Amino acid sequence: MKQLLILLLGLLLSGGAYAHGGEDHGAPKASTPAGATSFSVAALSEQFEVLLRYEPLEGGKPADLRLFLSDYATNAPIKGAKLTLTNPEDANLKWAVTEKEPGIYLVEGQFPANKAYSFAANIVAGDKADLMLLEGIKVGEKLPVAAEVAHADGSLFSSWKTILALVGAFVLGIVLTALLMRRRRPEPAMQTSEQALTASRRTPFP
């Protein structure tokens, strides 16, 4: 019976380990939460707060981004600012900036390749001016929703493996238990011819 318990325990542990195989628990999480519809990068200075928001971008295709500009001290949106955007990675890239609402600016242009870019934003608003760097604009990156769905599918497949391993271990345990009980069942004692003759002599005739 002890060997049976050890075997069942080994099957359960191996099934659980196999179901979790390939998972990297130390992998860093995505900066954009699952379910988000856009990416965003931000920068702060003593003058301004800048938030750049954009949907997934593709290299070689037109890009539309939203830039939100506000006052650092009051958080009030800044309207009528003059914005000049350049890219440290490629000085030849040109960007058009149009104010759509107070503090909200549309940035239009095109990234040539799928890689990370930065914006150097020269901001002039009234008597305030600053040069700010927006880093981590990842062209070609997909939103983390697809990655989450793929991971969920893998988890579902792994859970089926775990269930099959448990069912297999349970059935194997029943079979082994039945075999052990059958081996331990006492066999009926067979009477020898001498014992049978002695018993017949002791039995009185009617």
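**Figure 1. The whole protein and its surface.** In this predicted model, the protein exposes about 14,700 Å², and carbon and sulfur atoms supply 59% of that area. Of its 206 residues, 24% count as buried. You can pick out three helices and eight strands. Walk along the sequence and you meet them in the pattern α-β-β-β-β-β-β-β-β-α-α. The chain also brings far-off stretches together: take the contacts with a separation of 6 or more, and 58% of them come from residues 24 or more positions apart.

**Figure 2. The largest nonpolar core.** This core has 31 residues, and the ones touching the most other members are Leu 65, Leu 67, Leu 69, Trp 95, Phe 111 and Phe 119. Plenty of strands chip in: S1, S2, S3 (62–71), S4 (82–86), S6, S7 (116–125) and S8 (128–138) each supply at least two residues. Which strand gives the most to this core? That's S7, with five residues.

**Figure 3. A closer look at Leu 69.** Leaving out residues up to four places away in sequence, Leu 69 still touches quite a list. Among its contacts are Phe 48, Glu 49 and Val 50, then Ala 76, Pro 77 and Ile 78. The list also includes Ala 81, Leu 83, Gly 103, Tyr 105 and Ile 123. Remember that Leu 69 is also one of the core residues that touch the most other members.

**Figure 4. An open sheet of three strands.** Here the strands line up in the order S4-S7-S8, and the pairing is antiparallel. Why is one side of S4 and one side of S8 left without a neighbour in the sheet? Both strands stand at the edges and each has a single partner strand, so one side of each has no neighbour there. From one strand to the next, the twist averages 20°. As a rule, strands of a sheet pair through backbone hydrogen bonds, either parallel or antiparallel.

**Figure 5. Strand S4 and its two faces.** S4 and S7 pair in the antiparallel sense over five bridges. Look for Thr 84, whose bridge partner in S7 is Asn 122, and for Leu 85, which stands opposite Ala 121. In a regular strand the side chains alternate between the two faces of the sheet. In S4, Leu 83 and Leu 85 make up the covered face, while Lys 82, Thr 84 and Thr 86 make up the uncovered one. Now slide back to the loop between S3 and S4, where you'll find Asn 75. Asn 75 has a positive phi of about 65° although it is not a glycine.

**Figure 6. The hairpin of S5 and S6.** Strand S5 (residues 96–101) pairs with strand S6 (residues 104–110) in the antiparallel sense, over five bridges. Glu 99, for instance, has Tyr 105 in S6 as its bridge partner. The hairpin has two residues between the strands, and Gly 103 takes a positive phi near 85° there.

**Figure 7. Thr 98, in strand S5.** Find Thr 98 in S5. Is Thr 98 buried, partly exposed or exposed? Its relative accessible area is 35%, so Thr 98 is partly exposed. Set aside its neighbours within four places in sequence, and Thr 98 is in contact with Ile 104, Tyr 105 and Leu 106. For a sense of scale, Thr 98 and Arg 66 are 32 residues apart in sequence and 9.8 Å apart in space, C-alpha to C-alpha.

**Figure 8. Ser 45, in a loop.** Ser 45 lies in the loop between strand S1 (39–44) and strand S2 (48–54). With a relative accessible area of 15%, Ser 45 counts as buried, because the cut-off for that is under 20%. What does the side chain of Ser 45 make a polar contact with? The partner is the side chain of Asp 130, at 2.7 Å. The side chain of Ser 45 also reaches the backbone nitrogen of Gln 47 at 3.1 Å. Not counting residues up to four places away in sequence, Ser 45 touches Tyr 72, Asp 130 and Met 132.

**Figure 9. Ser 118, in strand S7.** Here's another serine, with its place in S7. Ser 118 is buried, with a relative accessible area of 8%. The side chain of Ser 118 makes a polar contact with the side chain of Glu 89, at 3.0 Å. Leaving aside neighbours within four places in sequence, the contacts of Ser 118 include Thr 86, Asn 87, Pro 88 and Glu 89. Leu 133, Leu 134, Glu 135, Gly 136 and Ile 137 are also among them.

Terms used:
Residues are numbered from 1 along each chain as its sequence is written. This is a predicted model: local features need pLDDT of at least 70, side-chain atom pairs count only at pLDDT 80 or more; totals for chains, interfaces and linings use all residues. Side-chain values use heavy atoms; hydrogens and water are left out. Helices (H or I, at least four residues) and strands (E, at least two) are DSSP runs, numbered from the N terminus. Buried means under 20% relative accessible area, exposed over 50%, partly exposed in between (1.4 Å probe, protein chains only). A polar contact is a pair of N or O atoms within 3.5 Å; within protein, one must be able to donate a hydrogen and the other to accept it, and residues adjacent in sequence count only if both atoms are side-chain atoms. Contact means heavy atoms within 4.5 Å. Two strands pair if DSSP finds at least two bridges between them. Accessible areas come from the Shrake-Rupley method with a 1.4 Å probe; for residues, only the protein chains shown count as cover. A nonpolar core is a set of buried Ala, Val, Leu, Ile, Met, Phe, Trp, Tyr and Cys residues joined through side-chain atoms within 4.5 Å. Axes are lines fitted to C-alpha atoms, for helices over the stretch in contact, and angles run from 0 to 180 degrees between N-to-C directions.
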